[in-house]
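Below are my notes on the strand pairing and on a few residues that go with it. Please read them with the structure open.

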Amino acid sequence: MAITTRDQLIAALGQSRHALFDKASISNGVAGRFYSLWKAGGFPGVGATPTTQAICLNTTAGAMPYLPFNSPSTNYLAWVDVATSLATATLEIHDRLCHQGGLSGTVATAQTTNLPLNLTGIPAERIGLTDFSQLQWWLEWYTDTGSTAANATVNCTFDDDTTGNVVIALAATSRASGLYQILPAAGKKGIKAVNSVTLSISTGTAGAFGVTCTRYRAGLFTVVANKAEIFDWAALALPELHIDSCLSLIQLCTTTTTGVSKGVCRMIGG
């Protein structure tokens with residue numbers, strides 16, 4: 001089933017289910033960089049730090065408490081009220097598909113611990129288009145690495161089943177919760193697996209980081225501190241949600257902290 005008429009949409013909104021978020025600010029931010037709110041305090045609680053490869057579900061620690069409507073209903077994200085403590089903030093809601101951890105900032109040879117990370121076992125409905133272009137891959141930091149800047153060479157398998165390297169410049173002292181996006185190589189549409197990560201030099205501190213794969217579901221923004229903004233179904237493009245969707249927040253930082261973010265998501269089924 002699916003919602004195909006305005007009357008169905010209005011009726012579904014009257015029976016919406018809500019998921020709240022109230023995430024604490026992350027410090028040591030850098031304007032213009034993405035940060036994961038997966039490990040931020042507040043509600044939902046601090047997300048699970050992966051020690052192995054893992055598929056993320058709506059029951060995974062850190063996921064928004066999303067209660068899907070049962071089959072044959074199709075689930076949608078239909079409405080979001082959001083406010084932040086910053087004058088301007090950009091937030092994204094992602095379905096966190098899978099992640100792994102155990103990578104070190106002091107190993108300057110190819111790291112394959114808990115790799116490759118691929119999409120085995122994840123339903124096609126969560127992945128989206130078959131060219132994997134709707135997926136986003138990240139290097140995600142769990143604890144700070146050292147003060148020496150390095151390049152990370154990430155070996156990927158692309159949508160056409162070829163493999164190749166993507167080089168990412170890592171800042172000195174990459175901080176916990178920071179994200180570096182892994183973009184497809186020129187001429188490729190998407191990434192289907194990350195096979196290894198090689199640092200050009202030791203950063204000086206092991207820290208901890210890993211690889212995460214997400215699928216973007218919606219984008220939000222605020223323009224006045226502590227003033228709620230409303231994004232309805234049309235602004236959100238009424239994205240479908242899988243019954244296993246592990247909904248989490250990513251923020252494009254505008255200053256040295258992410259600020260406090262709070263809101264409510266309304267999910268509907270039809």
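1. L117 has V194 as its bridge partner in β12. The model is predicted, and this pair belongs to a short antiparallel pairing: two bridges link β7 to strand β12, residues 191-199.

2. That pairing sits in an open sheet of four strands, ordered β7-β12-β9-β10 and antiparallel in its pairing. At the edges are β7 (117-118) and β10 (163-170), each of which pairs on one side only. As background, strands of a sheet pair through backbone hydrogen bonds, either parallel or antiparallel.

3. L117 also turns up in the surroundings of T212, a residue of strand β13. Beyond the neighbours within four places in sequence, the contacts of T212 are R96, C98, H99, L117, Q136, W137, W138, E140 and Y142. With E140 there is a polar contact between the side chains, at 2.7 Å.

4. Is T212 buried or exposed? Its relative accessible area is 1%. Buried means under 20%, so T212 counts as buried.

5. Strand β6 spans residues 89-103 and is mostly covered, with 13 of its 15 residues buried. Which strands pair with β6? Strand β4 (residues 54-55) does so through two bridges, running antiparallel; I55 of that strand has C98 as its bridge partner in β6. C98 is also among the contacts of T212.

6. Strand β16 (residues 247-252) pairs with β6 as well, in the antiparallel sense and over six bridges. One of the bridge pairs is I93 with L249 in β16.

7. Between β6 and β13 there are 12 bridges, and the two strands run antiparallel. The bridge partner of T90 in β13 is F221.

8. F221 lies in strand β13, which covers residues 208-222. Where does F221 fall between buried and exposed? The cut-offs are under 20% for buried and over 50% for exposed; F221 has a relative accessible area of 44%, so F221 is partly exposed.

9. F221 also belongs to a nonpolar patch on the surface, formed with V223 and V224. Together these residues have about 260 Å² of accessible area. Strand β13 thus holds both T212, which is buried, and F221, which is partly exposed.

Note on methods. Residues are numbered from 1 along each chain as its sequence is written. This is a predicted model: local features need pLDDT of at least 70, side-chain atom pairs count only at pLDDT 80 or more; totals for chains, interfaces and linings use all residues. Side-chain values use heavy atoms; hydrogens and water are left out. Patches are made of residues with over 30% relative accessible area and no salt bridge: like charges are joined within 9 Å, nonpolar side chains (Val, Leu, Ile, Met, Phe, Trp, Tyr) within 5 Å. Accessible areas come from the Shrake-Rupley method with a 1.4 Å probe; for residues, only the protein chains shown count as cover. A salt bridge is a side-chain nitrogen of Lys or Arg within 4 Å of a carboxyl oxygen of Asp or Glu. Buried means under 20% relative accessible area, exposed over 50%, partly exposed in between (1.4 Å probe, protein chains only). Two strands pair if DSSP finds at least two bridges between them. A polar contact is a pair of N or O atoms within 3.5 Å; within protein, one must be able to donate a hydrogen and the other to accept it, and residues adjacent in sequence count only if both atoms are side-chain atoms. Contact means heavy atoms within 4.5 Å.
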